[in-house]
Every structure is written in C-alpha cells, then in structure tokens.
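Subject: Structure handover

Hello,

I am passing on the structure we spoke about. Please open it and keep it beside this message while you read.

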Amino acid sequence: MVSKQQAASPFLKWAGGKTQLLHELENHIPTFQNYFEPFLGGGALFFRLAAKKANFRARLSDLNAELVNAYKVVKNDPDELIDWLARYETAYAQDRRTFYYSLRNKAPNGVVQRAARLIALNKTCYNGLYRVNSAGAFNVPIGRYKNPSICNAVQLLNASTALRSTKAAISTSDYAAALSSAEKGDFVYLDPPFVPLSRTSNFVSYTQQGFTLDDQARLAKVFQMLHKKGCKVLLSNSDTPLARELYSGFDQFRIRASRAISCKGESRTGYKELLVRNFIP
Ligand SMILES: C[S@@+](CC[C@H](N)C(=O)[O-])C[C@H]1O[C@@H](n2cnc3c(N)ncnc32)[C@H](O)[C@@H]1O
C-alpha cells in the first residue's frame, strides 16, 4: 500500500479530473475485491483507493491508447520514464515554447518515449487538457505555469507501486468490452465524458471518436446489465435532466464539484455533478 499523502495520479487535471468530487466519492465506496475503472483518465479514484485499501485487484482501461501506454510504462518501467522526464524538465527550463511545440510535433515510437511525451505535455499544456484534432493529433496550446513539475519522481514511483500492488490489468478498450468480465460483487466506477451542460459546452473530445448522447444511452444500458449481474456500480456525470432520466431507477446524489473542464474559473467551481449508485455502502 502507498501512503495517502503520496498516492496521486501522475496526470495533472486530466480533463474531468477530481478535486472536491473525490471527497464525495469516498462516501460511496462499497466492500469489494475487484475494482474496474473503464474510463480511466487520470485515475483519481483508483489512486485514492490504492492509498486506503491494500488488498484489491484493479482492471483499468480507457479508449485512449496513448494514455494506456503511459500507465503501462508507469507500472513497468518507472525508472527509464523518470530519466526521460528529467531531460524534458531541463529542456523546458531552457526554452519553454521551443521545447513544448517541438515535443507536441513529435511522434516517437518507443513506449517509454511516448509515455514521457504524454506526461510532459500534460504537465505543461493549457489547463492540463487532453484534446485531439480529427486526425488524432494532440492540439492543446502551451499553458502558463510558473514552475510545472514535469518530473515528479516520488509521485511516479508511488503510482507505479499502486499499479503493481493491485496487480493492475491495464488495457486499451471500449468500456463495454472492458466490463464484460465484471462479476457479482465487483466494484465498477464509471466516469464517462459528461453529458454537455448546454449546447455550447461541448468539450467531449478526449478521443477522436468523441462521446455522443447515444453513447450516454448505451452506457446506461451497460449500467443496467452490471446491476443485473450483481456488480456494485457507481457513476458520476454532469447533473442534467438527461443523466437524471437515464438513471431514474437508481439512487442519485446531486453535488457541487470542481472539475477541470472549463477555461472559466467560475464555471469550474460551480459545476454540478450527479452521482448514481446501485448499492448501499
Ligand atoms: C471524464 S474522463 C475520466 C476521468 C477520470 N475518472 C479521472 O479521474 O481523471 C473520461 C475518460 O473516458 C475515456 N473514454 C471516452 N470514450 C470512451 C469509451 N468509449 N470507452 C472507454 N473510455 C472512453 C476518455 O479517453 C477519458 O480518459
């Protein structure tokens, strides 16, 4: 088990990353042996659970192959990753813009270099966002940070310990395929790209495919299927009429949360979130 203080996501504010929401989620944790997080992103809840509970197995997945590659490298090869990130930290300190845009334009082949690129961009890009264009190329501009921690060796080693101590199986997968092996008693946390709060709030491009309203309805059916199997399912989404309707048969909790999804500070802090669960903790 890693200490609570040290266990944290190696990704800065992965779009949808948690702050207050994480505290709220902790009120909704059941007993379990197997944990599924199929919209992994920054894995905020996984790292919190790993800090609190030693004996569980994790199945972690996401449709974003670059992100999944980075998690595998954090788990299996943290030392080489740290070497690359230390080099990037030095290069960034010398000339931020040149470093950022030349790294953004690169497409390295090696798994460790790919992971280092993703983490360095995540720590130095605008608002810690992940966004790709229609060709799948990362297109977030440089962010304004005083002193970003590109190479946080302690955090990476602790993340690696959390992934190894939970024997994390890490895969690139659509959530429905990833959940086909979930069984009775398993705990599943679903944190999909949110239902847009308005027509103009449409930031859902974590992946080339996006996440449509049809996808939200498909997810609600998977939630039902997991419920019938006897899995313990917790879901977070934006608090919208559609989300409330899709999960109308289950316990719902409306909370105020702070998500890193908007460039406007006030809309980040005032964001309303819906938690849905099918079990009593
Ligand atoms: C809201 S973020 C998850 C945030 C995460 N819980 C955290 O703590 O940072 C949503 C994630 O879902 C992934 N995603 C989008 N569509 C998906 C799909 N069909 N299957 C699996 N993952 C998907 C995105 O790549 C993104 O990482």
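Below is what was found, taking confidence, then the sheet, then the helix contacts.

Confidence

This is a predicted model. The protein has a mean pLDDT of 88, with 85% of its residues at 70 or more. Over residues 202–206, however, the pLDDT is below 50, although this stretch has 13 contacts in the model beyond near neighbours in sequence. Residues 260–269 also stay under 50 in pLDDT, and here the model has 16 contacts beyond four places in sequence. Where pLDDT is low, the predicted coordinates should not be read in detail.

The sheet

The model contains an open sheet of seven strands, and its pairing is mixed. Read across, the strand order is β3-β2-β1-β4-β5-β7-β6. At the edges are β3 (169–172) and β6 (251–256), each of which pairs on one side only. Direction ignored, neighbouring strands in this sheet are turned by 15° against each other on average.

At the β3 edge, strand β2 (residues 57–62) pairs with β3 in the parallel sense, over four bridges. One place to find this pairing is Ser 61, whose bridge partner in β3 is Ser 171.

Helix α2 (residues 44–52) packs on the sheet and touches β1 (34–37), β2 and β4 (187–190). The direction of α2 makes about 160° with that of β1. Helix α3 (residues 65–76) lies across β2 and β3, and runs at about 155° to β3.

Helix contacts

Helix α4 takes part in two of the contacts described here, one with α7 and one with α6.

Take α4 with α7. The axes of helix α4 (residues 78–94) and helix α7 (residues 153–165) come within 10 Å and cross at roughly 155°. An angle over 145 degrees counts as roughly antiparallel, so α4 and α7 are roughly antiparallel to each other. Their crossing is right-handed. On the α4 side the contact is made by Pro 78, Leu 81 and Ile 82, and on the α7 side by Ala 153, Leu 156, Leu 157 and Ser 160. By class, these residues divide into six nonpolar, one polar and no charged.

Now α4 with α6. Here the axes come within 9 Å and cross at roughly 45°, which makes α4 oblique to α6. The helix α4 passes α6 in a right-handed crossing. From α4, the contact involves Glu 80, Leu 81, Trp 84, Leu 85, Tyr 88 and Tyr 92. From α6, it involves Val 112, Gln 113, Ala 115, Ala 116, Ile 119, Ala 120 and Thr 124. The contact of α4 with α6 has ten nonpolar, two polar and one charged residues. Leu 81 of α4 is listed in this contact and also in the one with α7.

Last, α5 with α6. The axes of helix α5 (residues 96–105) and helix α6 (residues 111–124) come within 10 Å, crossing at roughly 135°. That makes α5 oblique to α6. Here α5 passes α6 in a left-handed crossing. In α5, Tyr 100, Leu 103 and Arg 104 meet Arg 117, Ala 120, Leu 121 and Thr 124 of α6. This contact divides into four nonpolar, one polar and two charged residues. Ala 120 and Thr 124 of α6 meet α5 here and are also listed in the contact with α4.

Regards

Note on methods
Residues numbered from 1 in each chain as written. Predicted model: local features only at pLDDT ≥ 70, side-chain atom pairs only at ≥ 80, totals over all residues. Axes fitted to C-alpha atoms, helices over the stretch in contact; angles between N-to-C directions. Parallel < 35°, antiparallel > 145°, perpendicular 65-115°, else oblique. Left-handed = near helix turned anticlockwise from the far one by under 90°. Contact = placed C-beta atoms within 7 Å. Nonpolar A, V, L, I, M, F, W, Y, C, P; charged D, E, K, R; others polar. pLDDT = per-residue confidence, 0-100. Pairing = 2+ DSSP bridges.
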